[in-house]
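Reader: Hi, can we go through this one together? I'd like to know what to look at.
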Amino acid sequence: MGAHLVRRYVTETDTEPDPAKKFEFDPQFGFDERKEREMVASQEQMNLAQLPLEQRDYCAHYLLKLMKCKRDNWPNFLACKHERHDWDYCEHQDYVMRMKEYERERRLQLRKKRIEAKAEAA
Amino acid sequence: MHPTSLMMTSSLIIIFVILTYPVLTTLSPRPQDPHWALSHVKTAVKLAFFVSLLPLFLFLNEGLETIITNWNWMNTATFDINISLKFDHYSVIFTPIALYVTWSILEFASWYMHADPDMNRFFKYLLIFLITMIILVTANNMFQLFIGWEGVGIMSFLLIGWWHGRADANTAALQAVLYNRIGDIGLIFFMAWVAMNLNSWEMQQMFAVAKDMDLTYPLLGLIIAATGKSAQFGLHPWLPSAMEGPTPVSALLHSSTMVVAGIFLLIRMSPLMENNQTALTTCLCLGALTTLFTATCALTQNDIKKIVAFSTSSQLGLMMVTIGLNQPQLAFLHICTHAFFKAMLFLCSGSIIHSLNDEQDIRKMGGMHRLTPFTSSCLTIGSLALTGTPFLAGFFSKDAIIEALNTSYLNAWALALTLLATSFTAVYSLRVIYFVSMGHPRFNPLSPINENNPTVINPIKRLAWGSIIAGLLITSNIIPIKTPIMSMPAVLKLAALTVTILGLLLALELATLTNKQFKPTPTLTPHHFSNMLGFFPTIIHRLTPKLNLFLGQAIASQTIDQTWLEKSGPKALTNLNLPMITTTSNIQQGLIKTYLSLFLLTLTLALLISY
């Protein structure tokens, strides 16, 4: 824990990608076929539920299900454990995907550096 | 109108009517019933609490929020000021909590203040405070919020200085008013800027029109206002001094309701703040500094009420940190859970103080666990909730805040300070428990200790229930508006707990050191720094008046006297004229020498001119 900070500020300052900036490499690079993720919840559904902008992500359909479950089961506030878990798990998967994208970018940067070093040595 | 919204708006208006009615009855010329405080005021607040549960349940069940505009007060062609009440997520949840806590405190106050000849007036002041607090919380425009803001400030002044025969109480009340006034400068600046640039004080219009504007200056004004009201670093000394007031006042105003008004203001204005990184960073750093500084000061205090007051200030700093993380809902959750356990800590302190014949120094308490087991147990529950013990009320809010801080792309310095303050919280909480409950009594045995009175026990019991289950209830019923980050390494997840346990172990170690009799210890610099509250009041309360008086003296004597009189006015004329006069008089003395010299001079000049 904290290895990413050591890499960014101490050991690999030139290759470590900045998560706040756009990534350099093409998302399709190295893949045969990569489909863009699709939203399951429609714009209309999210508007009707009055979801805040930040919560209109790829897990919004689970959130909408959770909100409906909560409203249907009130006052039993212990009823929606399954829906809550589904939403949390989807957000966790989203987080894992973002980490994987970051790691991919980092490895591609290192690969680029290795290729350049080899070209220079040759 | 739909029956549900009709029910909601009616219940909310009824709450205002129920709370205002006892105040209006005091205006009649008939002599007041000596039990008016209990029969009218406490009943009104209890009834208002139960009525406020209906809007709460409607909100939880259906997500119903309403805005009621009652009266067009001052409307011009371009600017409107209305009486407009906003019952959204924040005010609908806060109102029942404030009423519940106030109900418990009023019941406790009927015992605590029973020897006071003016108990009816005390209760009237508390009720007026509650009304102005609810006006502040439900305000939909800045003017109404300002009415509530000033109202709670004035009632705070009157209640802190309740025992006005005591000089310290008067000083403390004045201190509270002055520091709040400095904060008000920020709020008035914000209101003026908004009135000029956004052309309205209604919140909906403010948020809509301010979309792409640079709001740094008005937001800094808001932050100054919150600094004053919520005792952030720089404008914080009034809060520990406010402990001069009676304990029910400390429990209601200076822990649960009034001091959170500044944070509440920032939560209300969070749509304006969320895009302004300068304002957010200011809040974060100010909050982190406040939480650590006040936790440090709490470590070495000996007055039980001052320890709890500094603890309040530290938690307010934590709420400010949460605002700086752009998580207003988490800050609001902490306001709600904090109200329960902090009020309970104050009520337990008040019960112990009265039981020990008005002794407030923890060095003269001890062994209360065997003497007042219920109060001491509730003190422990409150302290555990404060330190964030898993699954009590404080855990849900405090741990969530620290997790959000750990997983955000932000300031390591603020994080370090906040974690250190969390460990200090455990240290001073254990210090209170160790000195008050554990060990042997260090006071004379002839004190009126008893826990027989239900007016003492029932309020503390109610607040204890709140401290245990409030966090669970609120988080289970409300879906967060901002998605919390649930994925983090185990170290980050357990950081708050680890730091608290480390603080607890450190405090236990230090406590065992007091078992041995050492030689008289010299004054250690860190202890002195903490005990003197960081020298902040010592410096500021003496330096500022001294500078002002010197400046006044300089202006009066130098600018006015010296410049006008001596350098440019009458004396200057004198000084200019005097040499000329002296020279002229000296020449015309009637001496032959002078005449002969003049004759010679004239002759020489005449000869020179002709040749």
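Author: We'll take the chain contact, then salt bridges, then some odd backbone spots. Keep in mind that this is a predicted model.

Reader: OK, the contact. How many residues does each chain give?
Author: Chain A gives 21 residues and chain B gives 20 residues.

Reader: What area is buried between chain A and chain B?
Author: About 1,900 Å². Carbon and sulfur atoms give 62% of that area.

Reader: Which residues in chain A lose the most area to chain B?
Author: A:Met1, A:Trp74 and A:Phe77. Together they account for 34% of what the chain A side buries.

Reader: How many salt bridges does the rule find across the interface of chain A and chain B?
Author: One. A:Glu54 pairs with B:Lys482, and their closest N and O atoms are 3.4 Å apart.

Reader: And how many residue pairs in polar contact?
Author: Six across that interface, counting pairs with both residues at pLDDT 80 or more.

Reader: Which elements of chain A give two or more residues to that side?
Author: Helix 3 and helix 4 of chain A. Helix 4 gives the largest share, six residues.

Reader: What about classes on the side of chain A that touches chain B?
Author: That side has 11 nonpolar, two polar and eight charged residues.

Reader: Let's move to salt bridges in general. Why do such pairs form?
Author: Side chains of opposite charge can pair when their charged atoms come close.

Reader: How many salt bridges are there over all chains?
Author: The count comes to 24.

Reader: Give me one in chain A.
Author: Take A:Lys21 and A:Asp18, with 3.0 Å from N to O.

Reader: Is A:Lys21 buried or exposed?
Author: A:Lys21 is exposed, at 57% relative accessibility. Its partner A:Asp18 counts as buried, at 19%. The cut-off for buried is under 20%.

Reader: Which chain A residues are linked in a network of salt bridges?
Author: A:Glu12, A:Glu103, A:Arg106 and A:Arg107.

Reader: Now chain B. Which residue does B:Arg462 form a salt bridge with?
Author: B:Glu107. The closest N and O atoms are 2.6 Å apart.

Reader: Where do B:Arg462 and B:Glu107 lie?
Author: B:Arg462 lies in helix 20 of chain B, residues 454–477. B:Glu107 is in helix 3 of chain B, residues 89–112. The two parts are 355 residues apart in sequence, so the pair ties them together.

Reader: Are those two buried or exposed?
Author: B:Arg462 is buried, at 15% relative accessibility. B:Glu107 is buried too, at 8%.

Reader: One more from chain B?
Author: B:Asp361 and B:Arg363 form a salt bridge, with the closest N and O atoms 3.0 Å apart. B:Asp361 counts as buried, at 16% relative accessibility. B:Arg363 counts as partly exposed, at 45%.

Reader: New topic: the backbone. What should I expect as a rule?
Author: Most residues other than glycine have a negative phi, and most peptide bonds are trans.

Reader: Where is there a cis peptide bond here?
Author: Between A:Trp74 and A:Pro75, with omega about 10 degrees. A:Pro75 sits in the loop between helix 3 (60–73) and helix 4 (81–121) of chain A. You met A:Trp74 earlier, among the residues that lose the most area to chain B.

Reader: Which residue has a phi near 65 degrees?
Author: B:Asn357, a positive value in a residue other than glycine. B:Asn357 is in the loop between helix 15 (328–355) and helix 16 (368–371) of chain B. B:Asn357 is exposed, with a relative accessible area of 55%.

Reader: And where does B:Leu533 lie?
Author: In the loop between helix 23 (525–531) and helix 24 (536–568) of chain B. B:Leu533 also has a positive phi, near 60 degrees.

Reader: Is B:Leu533 buried or exposed?
Author: B:Leu533 is buried, with a relative accessible area of 16%.

Reader: I clicked on B:Ser437. What does B:Ser437 touch?
Author: Leaving out residues up to four places away in sequence, B:Ser437 touches B:Gly367, B:Met368, B:His369, B:Ser376, B:Leu379 and B:Val432. B:Ser437 is buried, at 5% relative accessibility. Look for B:Ser437 in the loop between helix 19 (412–436) and helix 20 of chain B.

Reader: Last one. Which domains does the assignment give for chain B?
Author: Domain 1 (3–516), domain 2 (522–568) and domain 3 (576–610). The C-alpha centres of domain 1 and domain 3 of chain B lie 89 Å apart.

Conventions:
Residues numbered from 1 in each chain as written. Chains lettered and ligands numbered in written order. Predicted model: local features only at pLDDT ≥ 70, side-chain atom pairs only at ≥ 80, totals over all residues. Heavy atoms only, no water. Helix = DSSP H or I, 4+ residues; strand = E, 2+ residues; numbered from the N terminus. Buried < 20%, exposed > 50% of the residue type's maximum accessible area, 1.4 Å probe, protein only. Contact = heavy atoms within 4.5 Å. Buried area = accessible area lost by both parts, 1.4 Å probe. Salt bridge = Lys/Arg side-chain N within 4 Å of Asp/Glu carboxyl O. Polar contact = N/O pair within 3.5 Å; in protein donor to acceptor, adjacent residues only side chain to side chain. Nonpolar A, V, L, I, M, F, W, Y, C, P; charged D, E, K, R; others polar. Domains from an automatic or database assignment.
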